Amino acid sequence: MHGEYKIPGGKLVVVDVESEGGVLRHARVAGDFFLEPDEALQAVNRALEGAPADTDAAGLAARIDAALPEGTVMYGLTSEGVGIAVRRALAHATDWTDYDWQLIHEGPQSPALHMALDEVLTAEVAAGRRPPTLRVWEWGSPAVIIGSFQSLRNEVDTEGAARHGVEVVRRISGGGAMFVEPGNTITYSLSVPEALVQGLSFQDSYAYLDEWVLGALGDMGIKAWYQPLNDIATEQGKIAGAAQKRVVGPGGGPGAVLHHVTMSYDIDADKMLQVLRIGKEKMSDKGTRSAKKRVDPLRRQTGLAREAVIERMVASFRDRYGLSRGKVTDDESACAGDLAREKFSSAEWTSRVP
């Protein structure tokens, strides 16, 4: 069995291993990391030998740490990263390059239709009728998108939203509220087979699926990092937030993961504060006193037009994994349209957590 894991901010670790009689056998670790002294690599392999096959990544990391020679130096490698690669091998996880990725980037859509497209396209990936997809959103109108489990009245000033013509919709994923305006926001979705994140914890899957965009931002001169659980941050402040939803496949079989990210290209902070209710607890948790300081737009950090930022992000993805242009099919469009009207535009769904 073969497993790979790109350590966030680090290097690729590859593990080939067998499972015999419920224990690990013949483990071989490799990769483009740096490790000193040389004998440390054999110590890692020996630490994995004979470990119960159901040991989690943390347990495998503990075995490795206990076996490493004194003074071992790892660069671009962590013991837990090795453990995750082992778990991915045992789970028969796939890699990004195992798929023919499709890009969808169409004209502006209503907020409700965007919510519906996320649900429909991810279900199609789960059913095997659609390839893994990167979808770049274009917003037809300003909106507040609240998380699946958020209280509407606690998160949104509905009078402020109505005054500014801001539509309020609820998405299927968890996480916090997003304030978006056309031209000021960059949003994208990844609809991926569950196999791509097999062997990863929920938290690790966020870092794994965000790795490519951190590289794209780095190419634009922005030093960004994944900040658990679901933020992308820089020294100047948060620039993006992510959310996920797991979709079960037909008959309860292997499904798909929806991972979407909203990035602030620019922001009208005064309007945001009139639309969102940002509590003191949330502010203190982010280590800042002002909501205006929580988000630092990409326009200021890159000096690039929004379209140029998107082009560079897409090009970075294509260079890494391959990407062909696609579109929403007629059947998908019809299904999403029905869902947008019947579910995501309904007061019942939007107010399901009052």
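1. In β11, the bridge partner of V136 is Y188. This pair belongs to the antiparallel pairing of strand β7 (residues 133–136) with β11, which extends over four bridges. The model under review is a predicted one, and the points below should be read accordingly.

2. Strand β11 spans residues 185–193 and is mostly covered, with nine of its nine residues buried. Besides β7, strand β11 has an antiparallel partner in strand β15 (residues 256–264), to which nine bridges join it. Within that pairing, T185 has S264 in β15 as its bridge partner.

3. Strand β7 is covered on both faces: T133 and R135 are buried on one side, and L134 and V136 are buried on the other. A reader inspecting this strand should note that the charged residue R135 is among those buried. Strand β6 (residues 102–105) runs parallel to β7 and is joined to it by four bridges. There, I104 stands opposite R135. The direction of pairing thus needs to be kept apart for the two partners of β7: parallel with β6, antiparallel with β11.

4. Three strands make up an open sheet with the order β9-β8-β10 and mixed pairing. Its edges are β9 (167–170) and β10 (178–180), each of which pairs on one side only. From one strand to the next, the twist averages 20 degrees. Strand β8 (residues 143–146) and β10 run antiparallel and are joined by three bridges; in this pairing I145 is opposite M178. Helix α4 (residues 111–126) lies across β8 and β9, and runs at about 15 degrees to β9.

5. A further open sheet of three strands has the order β1-β2-β3, and its pairing is antiparallel. The edge strands here are β1 (2–6) and β3 (23–31), each pairing on one side only. The twist in this sheet averages 20 degrees from one strand to the next. Five bridges connect β1 with strand β2 (residues 12–20), the two running antiparallel, and H2 stands opposite D16 in β2.

6. Helix α2 (residues 57–67) packs against helix α3 (residues 79–90) at an angle of about 130 degrees, and their axes are 8 Å apart. That angle makes α2 oblique to α3. The crossing of α2 past α3 is right-handed. On the α2 side, the contact is formed by A57, L60, A61, I64 and D65, which meet S79, E80, V82, G83, I84, V86 and R87 of α3. By character, the residues of this contact divide into seven nonpolar, two polar and three charged.

7. Two buried residues merit individual inspection. S316 lies in helix α11 (residues 306–321) and is buried, with a relative accessible area of 9%. Apart from neighbours within four places in sequence, S316 is in contact with W212, G215, A216 and D219. P297 is placed in the loop between α9 (280–285) and α10 (298–302); its relative accessibility is 3%, so P297 counts as buried. Not counting residues up to four places away in sequence, P297 touches S264, Y265, D266 and I267. Of these, S264 is also the bridge partner of T185. The C-alpha atoms of P297 and I239 are separated by 6.1 Å, although the two residues are 58 residues apart along the chain.

8. The backbone calls for attention at four places. Most residues other than glycine have a negative phi, and most peptide bonds are trans. The peptide bond from E36 to P37, however, is cis, with omega near -5 degrees; P37 lies in the loop between β4 (34–36) and α1 (39–48). A cis peptide bond also joins P228 and L229, with omega about 0 degrees, and L229 is in the loop between β12 (225–227) and β13 (231–234).

9. The remaining backbone cases are histidines with positive phi. H26, which is not a glycine, has a phi of about 55 degrees; its place is in strand β3, where H26 is partly exposed at a relative accessible area of 42%. H92, likewise not a glycine, has a positive phi of about 60 degrees. H92 is found in the loop between α3 and β6 and is exposed, with a relative accessible area of 56%.

Methods. Residues numbered from 1 in each chain as written. Predicted model: local features only at pLDDT ≥ 70, side-chain atom pairs only at ≥ 80, totals over all residues. Heavy atoms only, no water. Axes fitted to C-alpha atoms, helices over the stretch in contact; angles between N-to-C directions. Parallel < 35°, antiparallel > 145°, perpendicular 65-115°, else oblique. Left-handed = near helix turned anticlockwise from the far one by under 90°. Contact = heavy atoms within 4.5 Å. Pairing = 2+ DSSP bridges. Buried < 20%, exposed > 50% of the residue type's maximum accessible area, 1.4 Å probe, protein only.
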